Amino acid sequence: MSVAAAESLTEFLRERVGDHLRSVVHYTADDWQVVYLRDDVADRYADGEIERAVDDVRLEGLGKPHQESLYDHGELNCTVKCFENAVEMHFAHDANTGTAVALDAEVFAVHNTFIGRCRELMEV
């Protein structure tokens, strides 16, 4: 996947979720680019913090071949991390490239309440 594809993804997400899109970052083994970063989210991060987050998803991407070998599920397409205020989706394209997307938590619940319902059941 290229930066151009990440830009197309950003357009789709902006149309689909509007201002609930927090960020889109595309990375390779040697470089990374912020494709989209909402202003209020940018204000929350000091210099270097975005790079540390990119390093984290890069490490996760390195595990893609290993994860695919552990499970007889086919190709690993995306990992999703649900935080209290945001949902992080990581599309590792291979061990060295990928795209990370962050959305406001409430938009994910609006579009897919399955995880929210499972969490409610566990709180009983």
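Arg52 and Leu59 of helix H3 are exposed in this predicted model. They sit on the other side of the helix from a buried set made up of Val54, Val57, Arg58 and Gly61. These buried residues share one side of H3, because they cover an arc of only 110° around the axis. The helix spans residues 49–62, 14 residues in total. From first C-alpha to last it reaches 20 Å, close to the 20 Å expected at 1.5 Å a residue. The cover over its buried residues includes four strands and a helix: E1 (21–27), E2 (32–37), E4 (86–92), E5 (98–104) and helix H4 (64–70).

The strands belong to an open sheet. Five of them are arranged in the order E2-E1-E5-E4-E3, with antiparallel pairing. E2 and E3 (79–82) are the edge strands, each pairing on one side only. From one strand to the next, the twist averages 15°. E4 and E5 run antiparallel and are joined by seven bridges. Phenylalanine 91 has threonine 99, in E5, as its bridge partner. H3 packs on this sheet and touches E1, E2, E3, E4 and E5. The direction of H3 makes about 115° with that of E2.

The largest nonpolar core holds 14 residues. Leu13, Val17, Leu21, Val24, Met89, Val101 and Leu103 touch the most other members. Two or more residues come from each of helix H1 (3–17), E1, E2, E4, E5 and helix H5 (105–111). H1 gives the largest share, four residues. Another core, of six residues, lies apart from this one. Among its members are Tyr27, Val57, Ala92 and Ala100. Val57 is also one of the buried residues of H3.

Methionine 89 has contacts beyond its neighbours within four places in sequence. Its partners there are Cys78, Thr79, Val80, Thr99, Ala100, Val101 and Leu103. Of these partners, Val101 and Leu103 are listed with methionine 89 among the core residues that touch the most other members. Thr99 is the bridge partner of phenylalanine 91.

Glutamate 75 lies in the loop between H4 and E3. Its relative accessibility is 53%, so the residue counts as exposed. Neighbours within four places in sequence aside, glutamate 75 is in contact with Lys64 and Glu68. Histidine 93 is 18 residues from glutamate 75 in sequence. In space, the two are 9.8 Å apart, C-alpha to C-alpha.

Conventions
Residues numbered from 1 in each chain as written. Predicted model: local features only at pLDDT ≥ 70, side-chain atom pairs only at ≥ 80, totals over all residues. Heavy atoms only, no water. Expected span 1.5 Å × (residues − 1). Buried < 20%, exposed > 50% of the residue type's maximum accessible area, 1.4 Å probe, protein only. Arc of directions from axis to C-beta. Contact = heavy atoms within 4.5 Å. Pairing = 2+ DSSP bridges. Axes fitted to C-alpha atoms, helices over the stretch in contact; angles between N-to-C directions. Core = buried A, V, L, I, M, F, W, Y, C linked by side-chain atoms within 4.5 Å.
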